[in-house]
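Trainee: I've just opened this one and don't know my way around yet. Can we go through it together?

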Amino acid sequence: MEPADVLVVGDGVAGCAAAIALGRLGLSTIVLRSQGSQADSDLPETLAPGGSKLLDDLGLGCSLTAKNFPPITTKISRWGSGPVQVASMLPGASAPLLLGKARLKSILLEVALGSGAAVVNAAHIHKVERQSNIWRANVHDGAEEQVLFARFAVDASGRRAALAQRLGCRRRILDSLVSFWIVGPGEAWPSHAVATATVTDGWLFCAGSRSGNAAIGFFTAGSRCRAKPSADSILKRVESVPEMADLLRFAPDWKRSRVMARNAATTWLENGDSDWIACGDALQTIDPIASSGTYIALRQGIAAASVAEDILGGGLSALRTYQRASKAEFDNILAKRNLYYGLRPITLA
Ligand SMILES: Cc1cc2nc3c(=O)[nH]c(=O)nc-3n(C[C@H](O)[C@H](O)[C@H](O)COP(=O)(O)OP(=O)(O)OC[C@H]3O[C@@H](n4cnc5c(N)ncnc54)[C@H](O)[C@@H]3O)c2cc1C
């Protein structure tokens, strides 16, 4: 069987961005897709300013983006014991967007298919090895096994970093941040508004969604949690920020909401090879307070395609630039986060 140019492990935003960019470079691509993972949930996220330009570059077009992801025009925030601040912004090309990540993934996957990527459903990678400069991956979709061949590999499988794990790479875990989410009726929540506020033991994020619901995320250090907080205890924290609580006008449904836990720890993958790279959450996970994970995943996915093209053509400079830039960006975000939380600097050797 003729090997594909690139095997992309993961069909998230990073993997799809890579597949679209690879298709544009004329490289044949297989995208491995694992169905039904946590990442498919549609909790609200924000796409940092500049994200719409990346989506446009990937071929989504302004009208498709506008139809699916409204600009965020109001930001409500309270830091420490300071007053609540409400900032109104005019929607514009550089406005942050309110995302449903599952929706973004499915749109990007369509574009990737249109760019010529082949998608293979594979819940598990059984075995992966490099033989005479070709990757050979044995994958299983729950029903049958397939063997795939490719000349270069991109790990875009999110926090699981499935390929890196198989290759025995080390992941540095820098904190224990965890988030707990509840969802309820959001009719009173102002459209296209997000709120962030600190509470005594963490911080809260609240946003509406296209489905008319609103979601509240409570972020805290996992090391402080003995058990999953109840919906009631999350609502009590929201009540300590009256401006947020007033907008939510809690109906009884909120108390009945299932509490969903999401790992939000900051991590960094140590990898240094030249026949595969990691991008997006597979490479680094950053504190959601930075609201940049998806933007970085999109950008690194696009960059991963240029690295693959360079390496397949015998070059190494794109890889070195990618490695330097991604590490510098991570260090920069970490330094800002430490400043935010008043933490001592953490240095990665
Ligand atoms: C609680 C929380 C809130 C956040 N809020 C924000 C926010 O507001 N703004 C923001 O920009 N970022 C936010 N982030 C970060 C953002 O969600 C991620 O950085 C971004 O989605 C990473 O995209 P990705 O494509 O790298 O990974 P993912 O979106 O995780 O995609 C990885 C994909 O790979 C698939 N996969 C996994 N294993 C395999 C396998 N073995 N084979 C095939 N496929 C596989 C998964 O099913 C998934 O589809 C938040 C993160 C968390 C945890």
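Trainee: Is S132 buried or exposed?

Mentor: Keep in mind that this is a predicted model. S132 sits in the loop between β8 (124-131) and β9 (134-140), and its phi is near 45°, a positive value in a residue other than glycine. Count 5 other C-beta atoms within 10 Å of S132, and since 12 or fewer is the cut-off, S132 comes out as exposed.

Trainee: And S291, buried or exposed?

Mentor: S291 has a positive phi too, about 50°, although it is not a glycine. Its place is the loop between β19 (284-285) and α9 (293-312). Inside 10 Å there are 20 C-beta neighbours, and the cut-off asks for 20 or more, so S291 counts as buried.

Trainee: Which element gives the most to the shell around the ligand?

Mentor: Start with the elements that each supply at least two residues: α1 (13-24), β2 (29-33), β3 (44-47) and α9. One of them contributes 4 residues, the most to that shell, and it's α9.

Trainee: Which residues come nearest to the ligand?

Mentor: There are 38 residues around the ligand to pick from. They divide into 16 nonpolar, 15 polar and 7 charged. The ones that come nearest are G10, G12, G158, G280 and G293.

Trainee: Which domains does the shell draw at least three residues from?

Mentor: Look at the shell around the ligand by domain rather than by element. At least three of its residues come from each of two domains, namely domain 1 (4-47 + 100-171 + 267-341) and domain 2 (177-263).

Conventions: Residues are numbered from 1 along each chain as its sequence is written. This is a predicted model: local features need pLDDT of at least 70, side-chain atom pairs count only at pLDDT 80 or more; totals for chains, interfaces and linings use all residues. A residue is near a molecule or strand if its C-beta atom, placed from the backbone, lies within 6 Å of it. Ala, Val, Leu, Ile, Met, Phe, Trp, Tyr, Cys and Pro count as nonpolar, Asp, Glu, Lys and Arg as charged, and the others, Gly among them, as polar. Domain bounds come from an automatic or database domain assignment.
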